[in-house]
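This briefing goes through a protein model one topic at a time. Keep the structure open while reading, and find each residue as it is named.

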Amino acid sequence: MAGKSGSPAVEVAVGDFTVRVSNPDRVYFPATGATKLDLVQYYLSVGDGIVNALRERPCMLHRFPKGLPGGKVHQKRVPAGAPEWIPTVQLYFPRYGRTADELCVEKLADVIWAVQMSTVEFHPWNSRRADTEMPDEWRIDLDPMPDCPWSRVQRVAGVVHEVLDELGAVGWPKTSGGKGLHVYVRTVPELGFQDVRRAALAFAREVERRAPKDVTTAWWRKDRDPAQLFVDYNQNARDHTIAAAYSVRGVPEATVSTPIRWDEIPDVHPNDFTMATVPPRYADLGDLHAGIDDAVFDLAPLLEWADRDKITVDLDEGSED
């Protein structure tokens with residue numbers, strides 16, 4: 001049966017499941033001509049990597065029902081009528097006094113079903129379904145201000161790597177798919193969001209001390225130098241999410257948030273990694289974050305830094321960015 005765009009639906013076998021993809025020829029990225037089916041094929045090509053990045057995590061979906069020109073829909077709740085095999089987790093949002101059943105990926109078919117539902121970007125929590133209030137992923141977000149050059153991001157990444165090495169923590173870098181860089185550290189899921197944020201801010205302040213001309217940790221945007229790089233510790237707040245490793249971004253170039261090696265950082269640019277270039281890279285290198293679960297770090301030293309520096313964080317802080 002043909003969809004509204006005129007192209008007949010196709011059935012895609014994904015493991016033991018079959019996903020019906022409607023309107024496969026609908027162009028999602030006009031600048032490149034990439035279609036909905038191209039997006040499906042992309043996620044199939046990085047299957048183990050995207051599942052590893054999302055596995056057991058509540059996931060907000062950034063959907064583009066009409067492609068990029070039609071605008072973005074932020075969706076927490078799994079849409080009504082989802083197949084019974086789609087896994088979910090129920091979350092409570094105190095600010096609204098409501099619950100939501102969010103997608104909680106277990107397998108590649110779950111990802112492809114979400115793409116069928118017009119999802120382009122996947123934004124997982126930094127905690128898992130077993131206890132959504134206990135994060136197991138510390139996220140270091142190197143967020144350049146409007147006038148901050150990529151060379152500054154690269155330079156600060158070197159400082160981040162240096163401090164992580166001194167702590168004995170293994171960091172797993174990836175491009176953001178935008179202008180920045182993310183570094184993930186797997187942690188022991190024994191601390192709540194507030195303590196993880198305190199640890200993240202203590203780390204950010206240490207990076208700022210070592211690179212004061214390059215880095216700011218000022219929370220309010222008006223207090224930041226537009227040429228500096230903001231180390232956004234608040235990405236560790238409850239219900240704050242950023243694009244997963246291997247997630248396509250909803251931008252005309254169809255860039256991808258891509259795992260990279262530390263030694264690649266001086267020579268790469270975020271625009272190098274797109275829906276077109278990442279699949280062959282993945283076929284060659286595999287998932288560069290595959291070992292993240294085997295490198296668990298205890299945040300205790302950072303909490304000691306936070307105590308030393310008398311760092312506190314407000315549970316309600318974090319709404320500006």
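The points below cover enclosed space, strand pairing and one buried residue in a predicted model. The model has 3 cavities of 30 Å³ or more. Strand 12 comes up twice, as a supplier of residues to the lining of the largest cavity and as a pairing partner of strand 14.

**The largest cavity**

- The largest cavity holds about 100 Å³ of space.
- Its lining is made up of Asn52, Ala53, Arg57, Pro124, Glu137, Arg139, Tyr184, Arg186, Ala244, Ala245, His289 and Ile292.
- Sorted by type, the lining residues of the largest cavity are 6 nonpolar, 2 polar and 4 charged.
- Three elements each give at least two residues to this lining: helix 2 (47-54), strand 12 (137-144) and strand 14 (181-187).

**Strand 12 and its partners**

- Strand 12 is largely enclosed by the rest of the structure, because 7 of its 8 residues are buried.
- Strand 12 pairs with strand 14 in the antiparallel sense, and 6 bridges join the two.
- Within that pairing, tryptophan 138 is opposite valine 185 of strand 14.
- Strand 12 also pairs with strand 16 (residues 229-231), again in the antiparallel sense, over 3 bridges.
- Here aspartate 143 has phenylalanine 230 of strand 16 as its bridge partner.

**Strands 5, 7 and 8**

- Strand 7 (residues 88-93) and strand 8 are antiparallel and share 6 bridges.
- One of the bridge pairs puts phenylalanine 93 with arginine 98 of strand 8.
- Strand 7 and strand 8 form a hairpin, with 4 residues between the two strands.
- In the turn of this hairpin, glycine 97 has a positive phi of about 65°.
- Strand 8 (residues 98-104) also pairs with strand 5 (residues 58-63), in the antiparallel sense and over 2 bridges.
- In the pairing with strand 5, cysteine 104 of strand 8 is opposite proline 58.

**Threonine 35**

- Threonine 35 belongs to strand 4 (residues 34-35).
- Is threonine 35 buried or exposed? The relative accessibility of threonine 35 is 12%, so this residue counts as buried, the cut-off for buried being under 20%.
- Beyond neighbours within four places in sequence, threonine 35 is in contact with Pro24, Asp25, Arg26, Val27 and Tyr28.
- With proline 24 there is a polar contact: a polar atom of the threonine 35 side chain lies 3.4 Å from the backbone oxygen of proline 24.

Methods: Residues numbered from 1 in each chain as written. Predicted model: local features only at pLDDT ≥ 70, side-chain atom pairs only at ≥ 80, totals over all residues. Heavy atoms only, no water. 1 Å grid on protein atoms, 1.4 Å probe; cavity = no way out; pocket = protein on both sides within 12 Å on 5 of 7 lines; lining within 4 Å. Points joined across faces, edges and corners; volume = space filled by probe spheres on them. Nonpolar A, V, L, I, M, F, W, Y, C, P; charged D, E, K, R; others polar. Pairing = 2+ DSSP bridges. Buried < 20%, exposed > 50% of the residue type's maximum accessible area, 1.4 Å probe, protein only. Polar contact = N/O pair within 3.5 Å; in protein donor to acceptor, adjacent residues only side chain to side chain. Contact = heavy atoms within 4.5 Å.
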